[in-house]
Amino acid sequence: MSVIRPIARLISPLVNPVVFDFWAAHFTPALSWERPLAKVVAREVVARDTVTLILRPNRHVRQGLPGQHVNVTAAVEGVRLTRSYSPDWSSRRRLALTIKRVPEGRMSSWLTQRCRVGDVLEIGPAFGDMTPPDPAQPWLFLAAGSGITPLISLLRHAAEQRASTAPITLLYWARTRADLCFLNELGRLHERLPGFRLHTILTREASLLPHERAGRPDAALLAELVPALDGQLAYACGPAGFVGAVREGLAGKVASFSAEAFTPPALSPVTESQPVRVTLARSGRELTIPAGMALLPALEAAGERPAYGCRMGICNTCACGKLAGSTEDLLGGGINPEPVAALRLCVSRARGDISLDL
Amino acid sequence: MSKSVARQALSAAEIEQFGAEIDALRERTLADIGEADARYIRRIHATVRYTELAGRGLLFFGIFPPAWVLGTLLLALSKILENMELGHNVMHGQYDWMNDPRFDGKTYEWDIVGTSDSWRKTHNFKHHTYTNVKGMDDDIGYGLLRLFPEQRWRPFFLGQPLYAVVFALLFQWGVAIQDLRLGAYFAGRISRDELGEQFRPIGRKMRRQLLKDYVFFPLVAGPFFLPVLLGNLVANGLRNLWTFMIIFCGHFTAKVAVFPKSVLKDESRGQWYLRQLLGSSNLRGGRVFHILSGNLSHQIEHHLFPDIPARRYAALSKEIQAICQRYGLHYNTGSLWVQFGQVVWRILRYALPSKPASLEGRSLVSD
């Protein structure tokens, strides 16, 4: 490793990264000049519609902290799609991704059903604030569905360190018992973490076992399951609705509250006159424009000066990255809810709030 | 009454209907684009890499004439595929929907001395938006040749059969400096410093290309420096001749039209489509020929749909021909030899003075 870097720096002016990667992939699929790639080395079904992929990353992938997320990119039917997942790092050379299939979800369907050992994924830099909390204080973890993934990383980390002697409570919501992940592992966790308590709450299970509960995450249920809320460091992860309910239920009662919410892309159409918010990531500006207008004239009317050429979808000069949000192609390309590398501003309009790389 | 440039004069309403049919065709094609197109461009990229490796590898044994000939042809083939079916089409953004940085139209850099950035400006924007509009589309004669009677004759053009041969042999250099404001510099409108500033990125790209083909690979060959250098020179030259031929056949055959700037005023999408059709010409040929031309043999479809993956043009051309037939519009196509013969005729004919033709009052609409 220490030899590779200086040599790579020395010859880098002579190397075309795309050409290098093309030939390198013939020998080792995840070898790349500069891109952070990881090869799938194992695959396991861990719950209904839920798969864990074990990946071996190349040297460009930077290890993140337990509880953080990374952007994972894969080519699905010819299109590279990107989604955030919370990996579990067992070492710098090994990480595990647990993915639950979302109905109609292109990426999660591909990762759980089509992805095979030997496939290569791109792994972006780690981000997120749900890093290991202060071990001296009691922890309260709340997960719904695949929101368990960052929390299981934090629990594994704590179990390895044996650092935490304070109580740890995990409240884990799922629809049915078959949807619960890591159940065996969670059941044995108190062996290494004596203060660990698990409550599983099932919202659509026909008959509950004695240790299982039913119910929504409201203040009453939270107070009942966790009698001493004050002093707890609370972490919540799940769909936006779940995180909102938990936030409300715990407001003012816990020592601290952090959360990460995920929501499938909204496809709801907007009316033409309705204003939408556009975030310009580079300049940090936020503006409001009418949804019915093409983005280029709308941005210009708001005082922006994006590069442009033909203004009719021919020359690609105004194309810029779309980081988030749904847009409609005015030349018959349909609605695209995905982030894209090149969005032609002159022939696209927003179908909701969007974020552009401008 | 204005004179229509379409052989069959169409009313404004007819042109809009014609445009709507092309829009519908566009929509149908876009809905079908996906994995097969992604696989295709990845295979083209792989073919570029394999032929380059084979070509350069054989040239290392270029002391044996058969290896030199085959190596040079393979390297020329690789460069032709890279410039045309891969680079030109990728830079149009045809594969941007893949979100793959390798095929990103805004950042792709191709294997010729011209920079991709200047190409994206002169070609993607100027040439494709203002196709065959005199005074707007610099591709009409490239400021060097008189190809239409509507261009004013000057004694300079007497030498154009010679200039055309030199231009064809050095075509990549012509592409490289097309955006340089040399005319403005010689007319004293911009300073030497301004020109130098404009030249800097082009100079960097030229240096990189020259070092690669004429220093690095010959040096790697050691004692066989010269055969490798000559092989690279000939491969670049063959690519230049081929691209010149294909590109000139796209807009300078006998029946293509040029337009006055006035057509741009309030030009509708249907009129824009019609101008692309009347200003472009196709080449007939087999599948391999189409791929080697970067599918610019379907110049008409390329101009109607510059952002649709070029492998779709063959199927689109059948539908466009049917639409043209319904509207009584001429669909300009022919074999390479017939079409290129017409280009050569234009180069020879308009080197000599001709009765000046005026574009004044010409319009796309008959009423």
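Biologist: By class, what does the lining of the largest cavity have the most of: nonpolar, polar or charged residues?
Modeller: Keep in mind that we're looking at a predicted model here. The lining has five polar residues and one charged one, and the remaining class comes to eight. So by the class rule, with Ala, Val, Leu, Ile, Met, Phe, Trp, Tyr, Cys and Pro in the winning group, the answer is nonpolar.

Biologist: Which element gives the most to the lining of the largest cavity?
Modeller: That cavity holds about 140 Å³ of space, and 14 residues line it, with B:Asn83, B:Trp110, B:Phe171, B:Thr243 and B:Ile247 nearest the centre. Three helices of chain B each put in at least two residues: H3, H6 (171–177) and H9 (225–251). The top contributor brings four residues, and it's H9(B).

Biologist: What volume does the second largest cavity have?
Modeller: The count gives four cavities of 30 Å³ or more, so with that cut-off for a cavity volume this one makes the list. Its volume is about 110 Å³.

Biologist: Which residues are closest to the centre of the second largest cavity?
Modeller: There are 13 lining residues to pick from. B:Ile247 turns up in the central set here, and B:Ile247 is also one of the residues nearest the centre of the largest cavity. The full set for the second largest cavity is B:Trp119, B:His123, B:His127, B:Asp139 and B:Ile247.

Biologist: Where does the largest share of the lining of the second largest cavity come from?
Modeller: Helices H4 (116–129), H6 and H9 of chain B each give two or more residues. By class, the lining splits into six nonpolar, six polar and one charged. The largest share is three residues, from H4(B).

Biologist: Now the pockets: how many charged residues are in the lining of the second largest pocket?
Modeller: This pocket holds about 1,300 Å³ of space and has 38 lining residues. Nonpolar residues number 18 and polar ones six. That leaves the charged class, at 14.

Biologist: Which helix of chain A supplies at least two residues of the lining of the second largest pocket?
Modeller: Both chains show up around the centre of this pocket, with A:Val15, A:Asn16, A:Val19, B:Arg208 and B:Lys212 nearest to it. From chain B, helices H2 (35–59), H3 (65–91) and H8 (192–220) clear the two-residue mark. From chain A, the one listed is helix H2 (17–24).

Biologist: Which three residues supply 21% of the area that chain B buries against chain A?
Modeller: The contact takes 33 residues from chain B and 29 from chain A. Together the two chains bury about 2,700 Å², with 58% of it on carbon and sulfur atoms. On the chain B side, no other three residues supply more than B:Arg49, B:Asn99 and B:Lys106.

Biologist: How far apart do the C-alpha centres of domain 2 and domain 3 of chain A lie?
Modeller: The domain assignment cuts chain A into domain 1 (17–123), domain 2 (139–262) and domain 3 (275–356). UniProt, in an unreviewed entry, also lists a "FAD-binding FR-type" domain at residues 33–133, a span with 9% helix and 48% strand. For domains 2 and 3, the distance between centres is 40 Å.

Biologist: Over residues 66–333 of chain B, what percentage of the chain is helix?
Modeller: UniProt places "Fatty acid desaturase" there, again from an unreviewed entry. The record also lists transmembrane regions in chain B, including 58–81 and 162–182; the model makes 58–81 79% helix and 162–182 76% helix. Across 66–333, strand comes to 1% and the end C-alpha atoms are 37 Å apart, while helix is at 58%.

Methods:
Residues are numbered from 1 along each chain as its sequence is written. Chains are lettered from A and ligands numbered from 1 in the order in which they are written. This is a predicted model: local features need pLDDT of at least 70, side-chain atom pairs count only at pLDDT 80 or more; totals for chains, interfaces and linings use all residues. Side-chain values use heavy atoms; hydrogens and water are left out. UniProt positions are given in the numbering used here, feature names are shortened, and annotations may be inferred rather than shown by experiment. Domain bounds come from an automatic or database domain assignment. On a 1 Å grid over the protein atoms alone, a cavity is a set of points where a 1.4 Å probe fits but cannot get out, and a pocket is an open set with protein on both sides within 12 Å along at least five of seven lines; lining residues have an atom within 4 Å of a point. Contact means heavy atoms within 4.5 Å. Buried area is the accessible area (1.4 Å probe) that two parts lose on being put together, summed over both.
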